[in-house]
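Colleague: I haven't looked at this one before. Can you take me through it?

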Amino acid sequence: MPATERLYYHDSHLIEFEARVTDKSERVSGWTAVTLDRTAFYPTGGGQPSDTGTLDGARVLECIDAEDEGVLHVIQGRAPDIGASVKGRIDWPRRLDHIQQHTGQHILSQAFVTLFNAPTRGFRVLDESCEIDVEIANPTNELIEHAVELANNVIWEDRQITIKTASTEEAAKLPLRKESSRQGDLRLIEIDGFDLTPCGGTHAYRTGEVGLIAVRSWERAKGLSRIEFVAGVRALADYRRANKTARTVAGLFSAGRDDAPKLAARMVEENKELHRRVRSLEEVSAGVEAEELFASTSPNSAGVRVVTQIFANRDAESLKQLAQALISHPNTIALLGSREHDAARLVFARSTDTIGDMNTLMREACAIIDGRGGGKSDMAQGGGKNIEKLEEAINEAAKTLI
Ligand SMILES: [Zn+2]
């Protein structure tokens, strides 16, 4: 006789029950684990999370399957005494959610077997979605959506789901979707005319209760395809989130939801085009700007013009363009910087007829602004976090060139 009679085996919709406390033990953090002679609480197992609820008003946080020792109910608050009669109550919305995800998994897994002979190797109920690992050759969006289509048809046909018991010998002759490693009698879950599989979880009475299955995403993982799906209440919650996201994006374009992808793609293209246009205009303006900077800088005693300048929000490409325009003049060195809200950039360059190692100068300057940089002896780039010291970094570099 097992320590706990598992009422959920017979009725997955039983949410209230009476039982007697047969054992209790203190757990960490002052919680107590209570064992009952019978329970409707489903303990964590088979990829399905535990039920929660109350036991005589005390909170049941989690249930643990201790196999032959029964089901442990981890209680927060005052635990009942051994021998006491108690009233248990399951959190129904959570149980319904688990029934929908778990039964949905049976249906979706069988759909993959029916269509592609692709078995499911793993199943997990996560916080907001579920995952199955399917051994499917050459998965594509179309193949996966085909299985989802079949699964939803089975749901909408509202097929009956029954619990059967079979001995190991009887089960060996049945077309089970997966084998069980359990010894003794097997608990089989049959979806009328569609699926037969050994399972100890909580299932819907009929497939219609699952409501809907939708696949959120999938990826290849370790030779399998990991498929993320949602069923029932989770499918609705996910639709609401997805719809809100899509409508928010559409709102940025003052457009309808379904027009947003096209408009976003167009905007990305336009942005690229504008970027190209800005670059070519910058080339022109860098030439003009370089002339002005060159003209306003006097040569030093060695006849070299050291042009130093700090800009606001100028990207590396643009700084480089300006530096190149400057060093097209003979005897010229450009020490340019740009200040952004959280970073500083530097470009140092010299004309081929001057001497000086821009790479070394850049490394020294970057050390001052807490950053990194380098390059060749005639052109180097860098950046750092310490925006305050950008001017000092350029001045120090300029000093060495006087
Ligand atoms: Zn199951």
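Modeller: Sure. Keep in mind that this is a predicted model. A place to start is helix α7, residues 358-368, and helix α8, residues 390-399, whose axes come within 8 Å and cross at roughly 150 degrees.

Colleague: How are α7 and α8 oriented to each other, roughly parallel or roughly antiparallel?

Modeller: Angles over 145 degrees count as roughly antiparallel, so α7 and α8 are roughly antiparallel to each other. The crossing of α7 past α8 is right-handed.

Colleague: Which residues meet there?

Modeller: From α7, Leu 361, Ala 365 and Ile 368. On the α8 side they meet Glu 392, Ala 393, Glu 396 and Ala 397. By type, the contact of α7 with α8 has five nonpolar residues, no polar ones and two charged ones.

Colleague: On to the sheet. What is the strand order?

Modeller: The open sheet has five strands, in the order β16-β17-β18-β20-β19, with mixed pairing. β16 (305-312) and β19 (371-375) are at the edges with a single partner strand each, so one side of each has no neighbour in the sheet. From one strand to the next, the twist averages 10 degrees.

Colleague: In which sense do β18 and β20 pair, and over how many bridges?

Modeller: Antiparallel, over six bridges, between β18 (residues 344-350) and β20 (residues 379-384). Within that pair, Ala 344 is opposite Gly 384 of β20.

Colleague: What packs on the sheet?

Modeller: α8 does, touching β16, β17 and β18, and its direction makes about 170 degrees with that of β17. Helix α6, residues 316-326, lies across β16, β17 (332-339), β18 and β20. The angle of α6 to β17 is about 160 degrees.

Colleague: And which angle does α6 make with α5?

Modeller: About 45 degrees, with the axes of α5 (residues 260-295) and α6 8 Å apart. The two helices are therefore oblique to each other. α5 passes α6 in a right-handed crossing.

Colleague: Which residues of α5 and α6 make the contact?

Modeller: On α5 they are Arg 279, Glu 282, Glu 283, Ala 286, Gly 287, Glu 289, Ala 290, Leu 293 and Phe 294. On α6 they are Glu 317, Ser 318, Gln 321, Leu 322, Ala 325 and Leu 326. The contact of α5 with α6 divides into seven nonpolar, three polar and five charged residues.

Colleague: Changing topic, where does His 73 lie?

Modeller: In strand β7, residues 71-76.

Colleague: Is His 73 buried or exposed?

Modeller: Buried, because its relative accessibility is 0% and the cut-off for buried is under 20%. Leaving aside neighbours within four places in sequence, the contacts of His 73 include Thr 32, Ala 33, Val 34, Thr 35 and Leu 36. Val 60, Glu 62 and Cys 63 are also among them.

Colleague: One more residue. Which helix holds Leu 108?

Modeller: Helix α1, residues 92-116. Leu 108 counts as buried because it has 0% relative accessibility.

Colleague: What does Leu 108 touch?

Modeller: Not counting residues up to four places away in sequence, Leu 108 touches Ile 132, Ala 147, Val 148, Ala 151, Ile 213 and Phe 229.

Colleague: And what separates Leu 108 from Gly 337?

Modeller: Their C-alpha atoms are separated by 59 Å, and the two residues are 229 residues apart along the chain.

Terms used
Residues are numbered from 1 along each chain as its sequence is written. This is a predicted model: local features need pLDDT of at least 70, side-chain atom pairs count only at pLDDT 80 or more; totals for chains, interfaces and linings use all residues. Side-chain values use heavy atoms; hydrogens and water are left out. Axes are lines fitted to C-alpha atoms, for helices over the stretch in contact, and angles run from 0 to 180 degrees between N-to-C directions. Helices (H or I, at least four residues) and strands (E, at least two) are DSSP runs, numbered from the N terminus. Angles under 35 degrees count as roughly parallel, over 145 as roughly antiparallel, 65 to 115 as roughly perpendicular and the rest as oblique. A crossing is left-handed if the near helix is turned anticlockwise from the far one by less than a right angle, and right-handed if clockwise. Contact means heavy atoms within 4.5 Å. Ala, Val, Leu, Ile, Met, Phe, Trp, Tyr, Cys and Pro count as nonpolar, Asp, Glu, Lys and Arg as charged, and the others, Gly among them, as polar. Two strands pair if DSSP finds at least two bridges between them. Buried means under 20% relative accessible area, exposed over 50%, partly exposed in between (1.4 Å probe, protein chains only).
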